[in-house]
Amino acid sequence: MGGASYDLDFVTSSLTWGEGLYTEFGYDKSAPTNSVDWWTDHIHPNDAMILNYAMDKLLDPYAQNWLVEYRFRKADNSYVVVEDQATIHRDSVGKAIRLTGTLTPLATYS
């Protein structure tokens, strides 16, 4: 399992996925996967708060890395526990402007 790389631009709210989103998680390349809303809609509802707490780290101007585990919905509607590991890119005043990372599948739930 290789995971799915991504590039999340907070300035434009655009999300770009690598090939792993299609090969590991089963999404079709024509699916509208390029928005933050699409990503958050695919996080298990019971894990939303976990992600909200992790997002608080983006407010720390000194934090450079981001790591969180949550359940992510695959194209077949099953959930997989993923490790989301990313680098936080910041502007000159320390505001998070971009995340580049990888969702790595750990375990599948139905």
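Ser 13 is partly exposed in this predicted model, because its relative accessibility is 42%, above the 20% that bounds buried residues and below the 50% beyond which a residue is exposed. The residue sits in the loop between strand E1 (4-9) and E2. Its backbone stands out: phi of Ser 13 is near 60°, a positive value in a residue other than glycine. Most residues other than glycine have a negative phi. Asn 77 also has a positive phi without being glycine, with a value near 75°. Asn 77 lies in the loop between strand E3 (65-73) and strand E4 (79-90). Its relative accessible area is 55%, so Asn 77 is exposed.

These loops belong to a chain of mixed secondary structure. The protein chain holds three helices and five strands. Their order along the sequence is β-β-α-α-α-β-β-β. The helices thus follow two strands and precede three more.

The overall dimensions were examined next. The radius of gyration of the protein chain is 14 Å. A compact globule of 110 residues would have a value near 13 Å, so the chain agrees with that expectation. Along the principal axes, the C-alpha trace spans about 40 × 25 × 25 Å. Of the 110 residues, 39% count as buried. Contacts also reach across the sequence. Among those between residues at least 6 apart, 47% join residues at least 24 apart.

The surface and the charges complete this overview. The protein chain exposes about 6,200 Å². Carbon and sulfur atoms supply 50% of that area. There are 8 positive and 15 negative charges. The mean positions of the two sets are 1 Å apart.

Aromatic rings were then considered. The count comes to seven aromatic pairs. One of them joins Trp 17 and Trp 38 in an edge-to-face arrangement, with 6.0 Å from centre to centre and 75° between the planes. This pair links distant parts of the chain. Trp 17 belongs to strand E2 (residues 14-17), Trp 38 to helix H2 (residues 36-41), and 21 residues separate them. Both Trp 17 and Trp 38 are buried.

Trp 38 also pairs with Tyr 27. That pair is edge-to-face as well, at 5.0 Å centre to centre and 80° between the planes. Tyr 27 lies in the loop between helix H1 (20-23) and H2, 11 residues from Trp 38, and this pair too links distant parts of the chain. Tyr 27 is buried, like Trp 38. Ring pairs extend beyond these residues. They link Tyr 6, Trp 17, Phe 25, Tyr 27, Trp 38, Trp 39 and Phe 72 into a cluster.

Contacts between sequence-distant segments can be followed at Ile 97. This residue is placed in strand E5 (residues 96-109). Ile 97 counts as partly exposed, because its relative accessibility is 27%. Apart from residues up to four places away in sequence, Ile 97 touches Leu 8, Asp 9, Phe 10, Val 11, His 89, Arg 90 and Asp 91. Thr 12 offers a further comparison of sequence and space. Ile 97 and Thr 12 are 85 residues apart along the chain, yet their C-alpha atoms are separated by 9.2 Å.

How values were computed:
Residues are numbered from 1 along each chain as its sequence is written. This is a predicted model: local features need pLDDT of at least 70, side-chain atom pairs count only at pLDDT 80 or more; totals for chains, interfaces and linings use all residues. Side-chain values use heavy atoms; hydrogens and water are left out. Helices (H or I, at least four residues) and strands (E, at least two) are DSSP runs, numbered from the N terminus. The radius of gyration is taken over C-alpha atoms; the globule rule is 2.2 Å times the number of residues to the power 0.38. Buried means under 20% relative accessible area, exposed over 50%, partly exposed in between (1.4 Å probe, protein chains only). Contact means heavy atoms within 4.5 Å. Accessible areas come from the Shrake-Rupley method with a 1.4 Å probe; for residues, only the protein chains shown count as cover. Lys and Arg count as positive and Asp and Glu as negative; His and the chain ends are not counted. The place of a charge is taken as NZ of Lys, CZ of Arg, CG of Asp or CD of Glu. Rings of Phe, Tyr and Trp (its six-membered ring) pair if their centres lie within 6.5 Å; planes under 30 degrees apart count as stacked, over 60 as edge-to-face and the rest as tilted.
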